[in-house]
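Biologist: I am new to this structure and would love a close look at a single part of it. Could you take me through the open and enclosed spaces, and what surrounds them?

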Amino acid sequence: QQIQEELNKQLFDNLVSFLRQSHPDFQEKTTEWTRGMKSREIPTAALVLGVNVTDHNLTFRSLTDVLQNNITPYIAMLEAKNCAGIKNLMQKLMEQLMNCQIDEEPLEDEDYVQVSQKRIRCSMSSLVTWYESVTKKTDTGTPSKRASPSSKYGQYPPVVVVLKDMESFSTKVLQDFIVISSEHIHELPLVMVFGIATSPMMIHNVLPHSVSSLLCIELFQSLSCKEHLSTVIDKLLLTPQYPFKLGEKALQVLINIFLYHDFSVQNFIKGYQLCIVEHFYSQPLSVLCCQLADAKTRANALSHDQCENVRRLPSFRRYVESQVAEKQIALLTEDSCLKETVQELLQDLHIYHENYISALRCLHVFTSFLPKHPLGKQIRELHCTCLEDRVWETEEYESSLQLARMLNKSDLVTMLQQCVEIFVSSSGKQSDEIVEKLKEFLTQFQKLEAEAFQEPDVSISSPKELQKKTDLYHLQKTLLELKESKRSKKLTKFELLRFEVVDYIDSLVRKYLLPADHKTLHEVVYFNTASVLREHLNAAPRIALHTALNNPYCYLKNQALRSDGGSISNKAPDICIVYRLHLECGRLINLVDWLEAFTTVMMAAEGPNADAASSDQDDDVIHARFIRAVSELELLGFIKPSKQKTDHVARLTWGGC
Amino acid sequence: SKKNEEDKMSNLVEEYFEAHSSSKVLTSDRTLQKLQKKRLNQQTLHDLLRKTPLAYADEIKRLNQQHENLFSKWILQLHLGFNIVLYGLGSKRDLLEKFRTSVLKDNVHLVVNGYFPSITVRSILNSITEEVLDHVGTFRSPPDQLEFIIKRFKEDSSLELYILIHNLDGQMLRGEKSQQILAQLSSLPNIYFIASVDHINAPLMWDQAKLSLYNWLWYETTTFSPYVEETSYENSFLVQQSGSLALSSLTHVLRSLTLNARGIFRLLAQYQLENKDNPSYPGLSFQDFYQQCREAFLVNSDLTLRAQLTEFRDHKLIRTKRGTDGVEYLLIPVDDSTLTDFLEKEDETV
């Protein structure tokens with residue numbers, strides 16, 4: 001229970017609010033534009049949203065909120081699944097518009113509310129009567145409806161119709177609707193918003209010229225889902241705020257699902273949720289995964305069993321082994337001593353996270369500038385490599401350091417400034433004892449900056465040359481030349497400085513970007529079981545069926561079933577044998593032959609002790625078992641009855657699976 | 001390994017074309033008739049199978065035991081807004097039953113047998129509105145009913161409902177509309193879904209939008225237990241057909257016919273439904289039927305209609321009966337409720 005509470009805490013609200021924020025410009029623009037529009041054609045905003053259909057709901061919801069708050073319009077949101085015909089579409093539209101208006105003016109206009117409610121009910125009551133009155137409703141209903149509230153607002157607020165999924169609307173309905181509403185555009189200022197998942201070309205494919213000329217379309221592009229993802233990762237994973245962390249493998253799986261399957265941020269979040277659930281469900285020490293203060297009190301209240309759990313953690317064992325003998329004994333026997341150490345270790349872990357994130361951002365600032373991006377462009381890639389292993393041992397890191405040593409001055413200065421900013425913001429947050437070091441670094445940074453600023457004045461000749469060459473390649477060449485010919489003292493000063501900075505960054509990296517696996521007690525906050533994720537989110541039912549049918553030994557651990565390579569033991573379950581026999585056939589299978597083959601196998605399995613007397617009875621039983629197995633295969637979708645030839649079935653799969 | 005994978009891929013493709021390259025198939029011409037053996041009927045089949053012992057009972061039991069250990073985890077995950085889908089070889093019916101009896105005893109729950117050939121989404125929705133929500137009254141269409149359910153569940157947060165679906169990929173539930181409605185149902189926070197799928201192509205039913213509504217967590221539960229209930233409806237060609245037609249077979253046969261043939265059958269069905277309260281209704285006489293078909297431009301001669309009716313008769317879709325006056329009367333030997341369901345479905349698809 002306690003665990004559950006912890007789970008749901010914080011996370012989701014934060015995400016929703018964040019997703020809302022990510023669209024503000026875009027929404028702002030749209031609202032501005034709907035307000036300004038007044039034309040003979042139907043003004044239409046086409047929002048190009050990308051293929052991640054599942055994320056769009058939130059976008060649209062916040063869009064309606066924004067529109068409603070700015071008191072412009074009444075909004076109806078139409079979905080293709082509700083609008084099979086123009087009739088349904090109009091009905092849904094009326095319903096929603098009326099509801100909208102009732103929402104807006106709850107008690108001000110009693111008569112009006114009653115009228116509209118009556119109308120809704122009447123429209124609901126029977127399809128036939130509604131169908132007869134549909135012309136009346138559209139022609140007279142909407143304009144009068146508009147007239148009453150608009151007089152109160154003083155202006156004519158436009159009525160916005162949002163078509164959420166433009167692609168799935170039937171073209172005829174859409175065309176009809178556009179033509180109808182364009183007829184009434186004078187009495188009813190209608191604005192349409194299309195949500196488009198593919199590309200704006202779509203509009204022209206769906207709508208013929210005569211219809212699309214009735215629209216006045218403006219395109220809006222939404223953020224790409226990749227940017228979305230990187231912000232989500234930024235906000236969710238790269239903050240010290242949340243105690244729960246993802247390990248490298250799990251993160252990699254989630255990112256892969258996102259990039260290679262669906263581009264859906266919502267699914268990413270779902271996967272993240274699953275990680276949290278799994279973590280808190282399976283890991284007994286996850287109670288300690290919470291804010292530092294809480295964690296300390298909980299560590300104090302650990303029961304004896306939990307202490308044993310702590311002792312069993314591999315990372316903790318490593319830690320114990322590195323201690324002196326007396327300490328080891330104390331840790332392994334006395335609970336109180338263990339609790340104290342655990343508290344210290346938790347504190348350590350917390351500090352490590354804070355440092356880690358700022359150091360990571362710092363490194364990212366450096367590496368993302370480099371040509372070819374040896375360590376990756378996005379911070380998430382860098383994060384993954386850092387989690388995986390010691391980052392400074394990788395080749396990519398070496399090459400990026402090489403490149404960093406050749407940076408020119410202005411880039412270096414801006415980078416340094418950015419790093420300083422990162423550290424200022426993070427040190428402002430931390431306000432703990434670790435700040436000391438950061439402060440020291442900060443001053444050093446500033447000094448560097450100041451010196452760097454003075455430098456061009458002091459050494460005019462050579463750096464001037466450097467400044468001209470912005471290209472790194474040329475820079476490298478000139479530098480090499482300069483090195484060879486004469487060693488200018490001023491230049492070395494700059495170079496020294498640069499080396500110092502890079503080395504310093506390097507040391508920073510080595511100090512703080514230790515992969516989490518190397519920390520003690522990392523099991524408490526890191527979730528790293530990628531197989532669970534893959535199994536539950538990205539399942540492969542066909543593979544499961546295939547292995548079960550091909551190699552039943554995987555599931556039924558019976559020695560009789562053990563078989564080597566391609567063959568299958570004749571003691572396998574019926575369905576496996578029938579499946580195996582069917583694999584050997586082509587597109588069509590003769591049932592008689594199949595049955596005979598099956599009988600042969602069965603007879604062989606029963607061995608010589610099957611005497612002749614009971615063979616007739618046996619035959620029937622085998623026949624029955626065959627029927628059962630075949631109908632099971634049919635249920636599973638491997639075969640289907642065929643009309644091409646009598647007593648044949650068609651195979652629906654091909655090859656070996 | 002990438003090259004290896006590519007090889008595998010091209011192999012698969014080649015295998016496909018190999019399997020479908022020639023229209024000529026080389027199989028022997030033997031038929032079951034020549035086998036000189038009586039066909040088993042459903043009953044004897046059952047008896048025979050019951051007598052044979054289940055192979056590897058111990059191992060299967062152990063597998064089930066493993067799956068049962070997951071029950072508490074499922075409950076937790078259901079409450080966190082996920083829905084659970086089970087896949088793998090073997091019937092998952094007993095497992096779900098066990099889950100139901102052991103965990104859901106005290107909760108409101110609904111069991112849907114997806115393999116049952118006459119099940120419709122409407123019947124699922126009806127049992128929710130009538131038995132769970134105590135609502136009397138009918139709805140015009142499933143979407144309206146769904147809306148009502150959604151509204152009720154949103155208003156009253158104390159309502160909770162577990163829905164167990166055996167074979168979500170059953171014949172009648174695999175349609176796009178049914179899945180859409182079920183998906184919307186499953187997205188309600190107070191309704192918890194546990195479903196099982198068996199067909200190899202079951203995941204093809206769901207697109208991105210539906211998947212996100214369903215919010216599935218996949219669990220592999222290979223049980224190896226035989227599909228007893230599930231296949232008892234699968235009218236196998238090796239078994240003698242029992243008399244009454246099921247809705248699914250009706251729709252399947254009709255779907256393979258031409259438009260006009262479907263129209264003819266529809267006409268007859270409508271006429272029969274109009275007269276369902278008349279106990280002495282003998283059926284539609286051939287002459288009247290011919291007249292009506294002509295008026296609807298479905299046939300142009302006596303002969304074509306006769307040919308069509310012969311085809312129906314071969315599929316056991318109609319029965320003819322000679323009345324006292326020597327006139328042929330046509331009847332559909334299907335019970336009225338199935339026929340009503342059928343017409344409704346037809347209306348949806350047209």
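Modeller: Happy to help; what follows starts with one pocket and then moves outward to the chain contact, a cavity and a few helices. Please keep in mind that this is a predicted model.

Let us begin with the second largest pocket, which has a volume of about 920 Å³. Its lining is made up of 42 residues, and those nearest the centre are A:Asp574, A:Arg625, A:Arg628, B:Thr52 and B:Leu54. You can see from those names that chain A and chain B both take part in the lining. Which elements give two or more residues to it? From chain A they are α28 (574-583), α29 (591-606) and α30 (615-636), and from chain B they are α2 (42-51) and α10 (228-232). The largest share of this lining comes from α30(A), with 9 residues. Sorted by class, the pocket lining holds 23 nonpolar, 10 polar and 9 charged residues.

Since that pocket is lined from both chains, the contact between them is a natural next stop. Chain A brings 77 residues to the contact and chain B brings 69. About 6900 Å² is buried between the two chains, and carbon and sulfur atoms give 64% of that area. On the chain A side, the residues that lose the most area to chain B are A:Arg587, A:Leu635 and A:Trp654, together 11% of what that side buries.

Now for the enclosed spaces. Rolling a probe the size of a water molecule over the atoms shows where empty space is left. Across the whole structure, a search finds 9 cavities of 30 Å³ or more. The largest cavity has a volume of about 170 Å³, and 16 residues line it. Nearest to its centre are A:Pro243, A:Cys290, A:His350, A:His353 and A:Val525. Two helices of chain A, α14 (292-300) and α18 (335-369), are the elements that give two or more residues to this lining. Of these, α18(A) provides the largest share, 4 residues. The lining of the largest cavity divides into 11 nonpolar, 4 polar and 1 charged.

To finish, look along chain A at three helices: α15 (residues 304-312), α16 (residues 314-321) and α17 (residues 325-333). How do α15(A) and α16(A) lie? Their axes come within 5 Å and cross at roughly 75°, so these two helices are roughly perpendicular to each other. Here A:Val310, A:Arg311 and A:Arg312 of α15(A) meet A:Pro314, A:Phe316 and A:Arg317 of α16(A). By class, that contact has 3 nonpolar, no polar and 3 charged residues.

Next, the axes of α16(A) and α17(A) come within 9 Å and cross at roughly 150°. That angle is over 145 degrees, and the pair is therefore roughly antiparallel. The residues making this contact are A:Phe316, A:Tyr319, A:Val320 and A:Glu321 from α16(A), along with A:Lys327, A:Gln328, A:Leu331 and A:Leu332 from α17(A). This contact has 5 nonpolar, 1 polar and 2 charged residues. A:Phe316 is one residue to look for here, because it is named in the contact with α15(A) and again in the contact with α17(A).

Methods: Residues are numbered from 1 along each chain as its sequence is written. Chains are lettered from A and ligands numbered from 1 in the order in which they are written. This is a predicted model: local features need pLDDT of at least 70, side-chain atom pairs count only at pLDDT 80 or more; totals for chains, interfaces and linings use all residues. Side-chain values use heavy atoms; hydrogens and water are left out. On a 1 Å grid over the protein atoms alone, a cavity is a set of points where a 1.4 Å probe fits but cannot get out, and a pocket is an open set with protein on both sides within 12 Å along at least five of seven lines; lining residues have an atom within 4 Å of a point. Grid points are joined across faces, edges and corners, and a volume is the space filled by probe spheres set on the points. Ala, Val, Leu, Ile, Met, Phe, Trp, Tyr, Cys and Pro count as nonpolar, Asp, Glu, Lys and Arg as charged, and the others, Gly among them, as polar. Axes are lines fitted to C-alpha atoms, for helices over the stretch in contact, and angles run from 0 to 180 degrees between N-to-C directions. Angles under 35 degrees count as roughly parallel, over 145 as roughly antiparallel, 65 to 115 as roughly perpendicular and the rest as oblique. Contact means heavy atoms within 4.5 Å. Buried area is the accessible area (1.4 Å probe) that two parts lose on being put together, summed over both.
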